[in-house]
Amino acid sequence: HMNDRIAEHYSDVFNYIISRIDNLYVAEEITQNVMEKAIRKNNFLRKKESLKSWMMTIASNAVNDYYREIKRINATLLEEDKMYMFSDDTTESVDNIKNDLLNMIINKEAERNIIEALESLEYKYRSVISLNAVCGFDFIEISKILNVNVNTVRTRYCRGIKKLKAA
């Protein structure tokens, strides 16, 4: 049954998402959404043997959507923060929030640098590196997932790693 085949890939999807987000609660939530979407939309899957790669694409898109939403929320909060900074009553709480955020940033700086460097890569490099390093796919499997020649995958991987080292 297709739902059972989808369920078999839960841990792969979750491991990919947690590697990109590093927040257990959010990763579980997004993974659940990916699983639900895969179940709802599995009739759109043309090749049943491509199920895992299709689900990983859904997961990748879900993570990208999550980061877009975070950017939007942060922009909104920044605007609100600017408004409140002119009020003496809220300055102390805003300073506390800023200190908390600063501490979080300091604690996660190295991790974020890696994530930012990876996110700054073009999709063609980022996808190959993520599928290999995070999901454990070899170059042949990645070539099937992305529907490109295996030599192209190798080239993109090497160029992507070089760009990461340069970042």
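**Exercise 1. How many aromatic pairs does a search of the whole structure find?** Describe the pairs formed by Tyr10 with Phe14 and by Tyr66 with Tyr67.

*Solution.* The structure is a predicted model.

Step 1. Searching the whole structure yields three aromatic pairs. One of them joins Tyr10 and Phe14, whose ring centres lie 6.4 Å apart and whose planes meet at 5°. Planes under 30 degrees apart count as stacked, so the pair of Tyr10 and Phe14 is stacked.

Step 2. Tyr10 and Phe14 are four residues apart in helix H2, a separation of about one helical turn.

Step 3. Accessibility is considered next. Tyr10 has a relative accessible area of 32% and is partly exposed. Phe14, at 17% relative accessibility, counts as buried, because the cut-off for burial is under 20%.

Step 4. For Tyr66 and Tyr67, the ring centres are 5.4 Å apart and the planes stand at 65°. An angle over 60 degrees counts as edge-to-face, so Tyr66 and Tyr67 form an edge-to-face pair. Tyr66 is partly exposed at 23% relative accessibility, and Tyr67 is partly exposed with a relative accessible area of 25%.

**Exercise 2. Determine the secondary structure of the protein chain and the share of its residues that is buried.**

*Solution.*

Step 1. The protein chain contains nine helices and zero strands. Along the sequence, the pattern is therefore α-α-α-α-α-α-α-α-α.

Step 2. Of the 167 residues in the protein chain, 28% are buried.

Step 3. Among contacts in the protein chain with a separation of 6 or more, 56% come from residues 24 or more positions apart.

**Exercise 3. Identify the residues with the most contacts inside the largest nonpolar core, and the elements that build this core.**

*Solution.*

Step 1. The largest nonpolar core comprises 28 residues, and Ile17, Val34 and Met55 have the most contacts inside it.

Step 2. Two or more residues of this core are given by each of helix H1 (2-8), helix H2 (10-21), helix H3 (24-41), helix H4 (51-84) and helix H7 (123-134). H4 supplies the largest share, eight residues.

Step 3. Leaving aside residues up to four places away in sequence, Met55 touches Ile6, His9, Val13, Val34, Met35 and Ala38.

Step 4. A general tendency may be recalled here: in soluble globular proteins, nonpolar side chains tend to be buried together.

**Exercise 4. Which residues of H7 are buried?** Examine Ser130 in particular.

*Solution.*

Step 1. The buried residues of H7 are Tyr125, Arg126, Ser127, Val128, Ile129, Ser130 and Leu131.

Step 2. Ser130, which is placed in helix H7, has a relative accessible area of 4% and is thus buried. Residues up to four places away in sequence not being counted, Ser130 touches Tyr16, Leu118 and Cys135.

Step 3. Just after H7, Gly136 adopts a positive phi of about 80°.

**Exercise 5. Classify the packing of helix H8 against helix H9 and describe their contact.**

*Solution.*

Step 1. Helix H8 (residues 139-146) packs with helix H9 (residues 150-166) at an angle of about 105°, and their axes are 8 Å apart. Angles of 65 to 115 degrees count as roughly perpendicular, so H8 and H9 are roughly perpendicular to each other.

Step 2. From H8, the contact involves Phe139, Ile140, Ile142 and Ser143; from H9, it involves Val150, Val153, Arg154 and Tyr157.

Step 3. By type, the residues of the contact of H8 with H9 are six nonpolar, one polar and one charged.

Conventions
Residues are numbered from 1 along each chain as its sequence is written. This is a predicted model: local features need pLDDT of at least 70, side-chain atom pairs count only at pLDDT 80 or more; totals for chains, interfaces and linings use all residues. Side-chain values use heavy atoms; hydrogens and water are left out. A nonpolar core is a set of buried Ala, Val, Leu, Ile, Met, Phe, Trp, Tyr and Cys residues joined through side-chain atoms within 4.5 Å. Buried means under 20% relative accessible area, exposed over 50%, partly exposed in between (1.4 Å probe, protein chains only). Contact means heavy atoms within 4.5 Å. Axes are lines fitted to C-alpha atoms, for helices over the stretch in contact, and angles run from 0 to 180 degrees between N-to-C directions. Angles under 35 degrees count as roughly parallel, over 145 as roughly antiparallel, 65 to 115 as roughly perpendicular and the rest as oblique. Ala, Val, Leu, Ile, Met, Phe, Trp, Tyr, Cys and Pro count as nonpolar, Asp, Glu, Lys and Arg as charged, and the others, Gly among them, as polar. Rings of Phe, Tyr and Trp (its six-membered ring) pair if their centres lie within 6.5 Å; planes under 30 degrees apart count as stacked, over 60 as edge-to-face and the rest as tilted.
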